[in-house]
Amino acid sequence: MNCLDDLGVQLTCINPFAWANEGDEKPFCELLVSVGVTPRSLEYTLAVSAAAAVKKILASINLTTVEVAFVEMVVTRQGGGPPLLPLDPVVDHVPEYRKHFSYRLGMPIAPLSTPHLEGTGGLFLKIGNDPVLLTCAHVACPPLVFGNTGMQYISKTQPRQSIVALGTGAYNHAIQKMMGEIGKIAGNIEILNAHLQCPDLPQKRREEKEAEITRLTRRCNRIDALHTKVTKFRSTPELRSVGWVLYSSVIKADAKVGNEELGYTQDWALVQLDPRMLNMETFDGNKLFVGDNFALGGLARLMWPNPEDRDGYDLYIDDQIPVRDVVPAEDIIHLPHLDANGMPTLFVVMNGCTSGTRVGRANGLFSAKRTFPEHGIDKVDSLEIGVIAYGKGQPSRFSDKGDSGAGVFDRKGRILGHINGGAGPTDGTDITFVSPFWWTHQRILEVYPNAQVYPGREWTLH
C-alpha cells in the first residue's frame with residue numbers, strides 16, 4: 001500500500017483472488033491481485049508503472065506468475081442504520097421525542113470509538129456539495145483518547161474516526177424518557193377509566209373524559225411506535241453512525257485579536273456527514289429545535305420581556321428557529337436587546353445534548369479563561385463570550401456537560417458561536433464559554449476556502 005501511495009495511486013482496496021467464469025468450477029486464473037482505485041482517478045501510464053512496481057514486490061516473495069489488475073471500486077460501510085429523521089414539529093407526531101433521532105439542531109453526537117464521551121453538533125456547513133457539521137475538537141477527537149494533535153481527513157487510505165448521532169448516554173436518556181411518558185399515560189388512562197365508572201358522572205363530563213382517553217391512547221401508541229422503531233434499528237452505536245471527522249483543530253489560544261492581550265480559543269472540528277444519513281431530498285438545513293422545554297409562546301415571552309423592545313417579535317409557532325445570519329462583533333460589545341428592567345443585553349438560546357433548549361444572556365464584556373495542561377493541551381489563556389442562564393423558574397445553568405459544540409443563537413436566529421466549556425463555583429451558578437462564530441468561520445476558511453454556512457448563501461461576516 002505504501003508503494004502505491006508513493007506513486008500517487010488512489011487505492012480503495014487490495015484483493016487477492018482466483019478468477020473463474022460464472023458456473024465454472026476451475027478458475028482460468030489461479031491468482032490475481034486486484035487493486036481497487038477511486039473511479040476516474042488512474043491514468044493508463046500510471047497504471048502500467050504501478051502494475052510493474054506491484055509485480056516486482058510479488059516477485060521478491062517468489063510470486064512471479066501472479067498478475068495485477070486495477071479495478072474502479074468504491075468502499076462502502078455495511079450494516080449502517082437508517083437515515084436521520086426529518087422533523088416538522090407542526091406536522092410530525094411527538095416531535096419532542098422524534099427530535100432526538102432527527103437532523104435538527106442541536107444534534108447529540110459522540111465518537112463511535114468512545115460513545116460515552118458525548119457532545120453536540122451546532123451548525124451545518126457546506127464544503128463544495130458536501131454537508132458538514134460544526135462541533136468542538138474535544139468532542140470529535142477527545143484529547144483523553146487522541147491527545148491534542150489535531151487531524152485532517154484528506155485521503156480514503158486514512159482510517160476514519162466515525163461519529164454517531166446519539167452517544168450512549170443520550171440514546172439511553174431518550175429511550176427512558178419515552179418509556180417514562182408511556183407509563184405516565186397508562187396511569188392517566190387508568191384513572192380516567194375509573195372516573196367513567198361513576199354512575200353520577202354527567203354526560204358532558206363523560207364525553208370529555210372519553211375524548212381525553214382517546215387522545216392519550218393515540219399519543220401513547222405513537223410514542224410506542226417510535227420507541228419500537230428506534231430500539232429495533234438504532235440500538236447500537238454502529239447503527240447510529242452518521243459520518244466521520246473531516247478536520248479537528250489543535251486546542252489552543254489563537255494569536256491576539258486586534259488590540260486585545262488574549263486570543264480566542266481554537267477548539268473546533270468539522271464532521272463530514274454521509275449524505276445517505278441525511279436524506280438530502282428532505283434535508284432543510286439549519287433550524288434550531290426549541291419545542292422540548294417550553295410551552296407554545298413561553299420562549300417568546302423570555303426572549304422579548306420588554307414591551308419597548310419588540311423588534312422582530314416571533315412566537316416560534318413551529319417550535320423552530322431558522323438560522324438566518326451571524327451575530328457581528330459589534331452586537332457582542334454593544335448589546336442590542338433590552339431586558340425587563342430596560343438594561344441592554346443579548347438574549348440567546350441553544351439546544352444541547354444534555355440540557356435541551358436553554359435561554360441565556362450574553363455578557364457584553366469578554367471573559368478571560370485559563371485552561372490548565374492536560375492530555376497534551378498546553379496551558380491556555382483565552383478570551384471567551386460569557387453566557388449565563390436567564391429566566392425566572394428556568395434552570396440555573398445555561399449548559400452542562402455534553403452540550404459542548406452546541407450552537408448559541410440570538411432570538412432572530414443569528415448564530416453567536418458554539419459552546420466550548422463552562423465554569424462555576426457551585427451547582428447554583430454557571431458561566432458558559434462561547435467561541436464567536438464570526439472568528440471561527442475565519443479559521444475554517446483558512447483550511448477550506450470554499451466552506452459556506454448551509455444552504456450555501458452568502459452571509460455578512462464581520
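# Exercises on Charges, Burial and Surface

In this predicted model, Asp410 and Arg414 are both buried. The exercises below start from this pair and then move outward.

**Exercise 1.** Determine how the side chains of Asp410 and Arg414 meet, and place the pair among the salt bridges of the protein.

*Solution.* The side chains of Asp410 and Arg414 form a salt bridge with an N to O distance of 2.7 Å. Since a salt bridge requires a side-chain nitrogen of Lys or Arg within 4 Å of a carboxyl oxygen of Asp or Glu, the pair qualifies. By this rule the count comes to 15 salt bridges. One of them joins Arg98 to Asp92, where the closest N and O atoms are 3.6 Å apart.

**Exercise 2.** State which parts of the chain the salt bridge between Asp284 and Arg104 links, and classify each partner as buried, partly exposed or exposed.

*Solution.* Begin with the contact: the side chains of Asp284 and Arg104 meet at 3.1 Å, N to O. This pair links distant parts of the chain, 180 residues apart. Asp284 is in the loop between α8 (275-278) and β14 (287-289), and Arg104 is in the loop between α3 (95-98) and β4 (107-111). Next, compare each value with the cut-offs: buried means under 20% relative accessible area, and exposed means over 50%. Asp284 counts as partly exposed because its relative accessibility is 35%. Arg104, with a relative accessible area of 1%, is therefore buried.

**Exercise 3.** Identify the residues of the nonpolar surface patch of about 420 Å², and explain how Leu315 is classified.

*Solution.* The patch is made by Leu296, Tyr313, Leu315 and Ile317. Of these residues, Leu315 lies in the loop between α9 (298-303) and β15 (320-322). Leu315 counts as partly exposed because its relative accessibility is 41%.

**Exercise 4.** Describe the protein as a whole by its secondary structure, extent, burial, contacts, surface and charges.

*Solution.* First, the secondary structure consists of eleven helices and 25 strands. Second, the C-alpha trace spans about 95 × 70 × 40 Å along its principal axes. Third, 48% of the 462 residues count as buried. Fourth, consider contacts between residues at least 6 apart in sequence: 69% of them join residues at least 24 apart. Fifth, the protein exposes about 22,700 Å², of which carbon and sulfur atoms supply 53%. Finally, there are 45 positive and 52 negative charges, and their mean positions are 3 Å apart.

Methods. Residues are numbered from 1 along each chain as its sequence is written. This is a predicted model: local features need pLDDT of at least 70, side-chain atom pairs count only at pLDDT 80 or more; totals for chains, interfaces and linings use all residues. Side-chain values use heavy atoms; hydrogens and water are left out. Patches are made of residues with over 30% relative accessible area and no salt bridge: like charges are joined within 9 Å, nonpolar side chains (Val, Leu, Ile, Met, Phe, Trp, Tyr) within 5 Å. Accessible areas come from the Shrake-Rupley method with a 1.4 Å probe; for residues, only the protein chains shown count as cover. Helices (H or I, at least four residues) and strands (E, at least two) are DSSP runs, numbered from the N terminus. Buried means under 20% relative accessible area, exposed over 50%, partly exposed in between (1.4 Å probe, protein chains only). Contact means heavy atoms within 4.5 Å. Lys and Arg count as positive and Asp and Glu as negative; His and the chain ends are not counted. The place of a charge is taken as NZ of Lys, CZ of Arg, CG of Asp or CD of Glu.
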